[in-house]
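Thanks for making time. I have one structure to go through, and I will keep to the interface and the internal cavities.

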Amino acid sequence: MSVGIYSGEGASHSWTWFASFLEGLGSRDYRFLEGEDLRGGKLDGLSAVMIGGGDVEGIARALGEKGARGLRGFVEKGGLYLGSCAGAYLVMERVKLPPYAPFRLIDAGMANFSPAPPPPLNLPHKYKVPYGRGFVFHPAYGPVWVEMEEGTFLGELGTVAAALYGGPVIVPGKGCESLAVYRGMHGGCLPMVEERLLRRLLQGTCAAARARLGEGAVYICGPHFECPYYPQGARVLARILQEENIYNVKKLPDGQPAKAGTRKKERAQRNPAAARAGNGGRSALEDARRELSNLRIAARGMESYEVRWTLGTKVWEPEKIIYYAEFLWERVEELQDCAGSQGAQADLEELASRAQESRRALRDLRERLERGEETDAPAEELFRRLRLLAVRLLECLRDHGGRGVSLA
Amino acid sequence: MMEFLYNGSILVVDLESRACEERPFPQGFAASALGGARANLALLREFPQAGLALGSGPFTGLPVPGACLSVATWREGGSFTHTPLHLFAGVELKLSGFDFVVVQGSSAEPLYLWLHDGIADLEPAAGLPRDNWEAVDSLRRELGEDLVQVLIAGEGPCLGLGYWASADRVGLGRAWREMGLRAVCARGLGILDAADPEGFAGACADLVGEVRASLPEGRHGLEGILGLLRGKDCDYPLPLLHRRRSCFACPYDCNDFLKTEEDPSLMGQEGEEEPGMLLTDARSLGLLEEAGADLREGVRLLRWASRLGAFPAGAAKAGTQAAEEELLAAGPEGWEREEGPFSSWAPPLPLPGGADRKERQALGYTLGICPLLMMLSPALTPQALCDLLEKGMELEISPEELVGLCVEAAG
């Protein structure tokens, strides 16, 4: 049984963090979901569906009523739903205005709503989103302390740092169990509201909650426990998967950051898998590497541009382009393991082609910026291409490099 | 096998067949060849058909003071010349994943070599503009990054480092064009490892302090170099000076950016696309001064020379009224050159403590340290460099052995 990760319309780049989280468990047992997969009820073979950050309205519209029904049916039959940030807002029963009404999977609401929030202290462009007759606003942006509730199965994990990038302050209803509470800002977190309101919203309030639905379970999290920048969160997610009998490994992730410093590998012998690839496979591999490197370097070229794009309700910046390019590049060496596998050549050729098209889209975007033209549409197109490229690369690794540890 | 201070990679480029082949270091290569000029010579002996080797030193790209250098070694007939590639070009070359690049053959169609993430591509260059600056812009637009370092061979004899004049005084620019090599582009996002990372970093930090303290007091920029040569403060006024710029990891800021089209006292940009010129050569500044040239016109001349690929000192000698043909035909007009293969770009500075110039240059050209800093700072002793080699790459070598090996490259 695989884990479904929503990477479709409305998703921000944070869906890749779920993939990284699973990779950290030694698993590539994932399947990437578009809105049409949920609308079409194509959730067979999945044990869990994870929806992370993004434009919650965009996600809701992409899934639609059919997707909402499909999701409910999936959970009722025993599946696990895990939503963080936008994925949490999406399924709260008390978030009930269109287009969210069909998605009410858990009796919860949000405390970070106001008809007239105070002016922001920082990051005005990320501070609030219209909702109904008011705004969902964000008290802080960055790492926060989250304490697991004693007496729950997460209690043994104590307090962890996790990334809050617009997720909810949860108000759990009846039949909904609070699993973790906020315990204030971690170093590097930016306050968006004054001290008193910050304390009211981020001290002792609910950060994660769970409810049973039929045979399955719904988990919602305000912070991104899946974010690799704060690796202690991976222990929380792994424990949840363990609790729901999806992940049966005895040892949780250690919660330590990946070793900084050298990423240079020993100069290895030519990878045997690549050597078995034949000329066509090796050529396709080299093309894929080349184009992913070209994309990476061109992405770095966006670093100095002070520009933002608001796509739906989500703000995107050049650093997200760089993020995607680096995410892809970090996995390039693993493509060597795939090169000798049957069917890999075509997939590698596709990756090279997609990377080249993404670079063209990036160049188009940059040229328009230089000319002072409108760039929302080309930016949206670029991020769509990068998203699809990342999905295809991860699928290629899964299909040709092995699924790794099997999840239950 | 893991290499320290290096990627462990030699690239062999054949312009005729358009093939690029990466080879790992042979066993013991770094320890015996060391790097830079010395290693380039070893590679050119191994590849007798090759005319060009671009080589980094063990310290290139590391936080060793002045460690900006890669070296272009050119074979012409039976003799060799070594040209420093400074500013940031030498570092990007190494961090692109290739420590050494050997180039052989020639191409009827102009090509450019693109080095990135351990990948080497030969791409058509026929469509690049004639003007060096426009060609650099075109390449950076194509590759998507303004930080891509470009070694550009223009119409003139002098190789360019991006927009600026290189230390080429033998006509690499012309030679590359004749080979069909219009440019070498590099972007380095790689990482280099030291055998003892903490020990190496600590030794580098200590050495930076010592080098800073050893530099001639109160001297800055090219005007400081000229002052040292004349035994006094430079009396050539630089009212157009906007800022000085160091090469990678160098505590001496020897490059002067002069603004000719905007107010140099204003730090921000005022909208001029080409507000001035980075001068990288003390000789050309000195020649302009000796000729009594108007500074603004002189710097404009040097900018034009850079766009053409003319030798900067040759252009300065030709004068502000020179026509394009004169600039292109002008010779290098380097400092009086000693016997030996090193570029005449580095000025004949008085060396403290009677140090040997050939020895100082040879150390710099082999280890990847700017030869100018090697002459300015007595703190870069063979002993200090041996200490860094031990901590950096577990190479145990005495100062005498090190000097001997390096001086071999001087012929």
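I will start with the contact between the two chains and then turn to a cavity.

This is a predicted model, so please take what follows as computed from predicted coordinates.

First, the interface. Chain A puts 21 residues into the contact, and chain B puts in 27 residues. Between them the chains bury about 2,100 Å², with 44% of that area on carbon and sulfur atoms.

On specific pairs, the rule finds four salt bridges across the interface of chain A and chain B. One of these joins Arg290(A) to Asp121(B), where the closest N and O atoms are 2.5 Å apart. For polar contacts across this interface, the count is nine residue pairs, with both residues at pLDDT 80 or more.

Which elements of chain A give two or more residues to the side that touches chain B? They are helix H8 (278-300) and helix H11 (344-371). H8(A) supplies the largest share, eight residues. By class, the side of chain A that touches chain B has 13 charged, five polar and three nonpolar residues.

Now the cavities. The rule gives five cavities of 30 Å³ or more. I will show the second largest, which holds about 50 Å³ of space. Its lining includes Leu222(B), Ile225(B), Cys254(B), Trp345(B), Pro347(B) and Leu372(B). Thr280(B), Asp281(B) and Ala282(B) also line this cavity. How does that lining divide by class? Seven residues are nonpolar, one is polar and one is charged.

That is what I have; questions are welcome.

Key:
Residues are numbered from 1 along each chain as its sequence is written. Chains are lettered from A and ligands numbered from 1 in the order in which they are written. This is a predicted model: local features need pLDDT of at least 70, side-chain atom pairs count only at pLDDT 80 or more; totals for chains, interfaces and linings use all residues. Side-chain values use heavy atoms; hydrogens and water are left out. Contact means heavy atoms within 4.5 Å. Buried area is the accessible area (1.4 Å probe) that two parts lose on being put together, summed over both. A salt bridge is a side-chain nitrogen of Lys or Arg within 4 Å of a carboxyl oxygen of Asp or Glu. A polar contact is a pair of N or O atoms within 3.5 Å; within protein, one must be able to donate a hydrogen and the other to accept it, and residues adjacent in sequence count only if both atoms are side-chain atoms. Helices (H or I, at least four residues) and strands (E, at least two) are DSSP runs, numbered from the N terminus. Ala, Val, Leu, Ile, Met, Phe, Trp, Tyr, Cys and Pro count as nonpolar, Asp, Glu, Lys and Arg as charged, and the others, Gly among them, as polar. On a 1 Å grid over the protein atoms alone, a cavity is a set of points where a 1.4 Å probe fits but cannot get out, and a pocket is an open set with protein on both sides within 12 Å along at least five of seven lines; lining residues have an atom within 4 Å of a point. Grid points are joined across faces, edges and corners, and a volume is the space filled by probe spheres set on the points.
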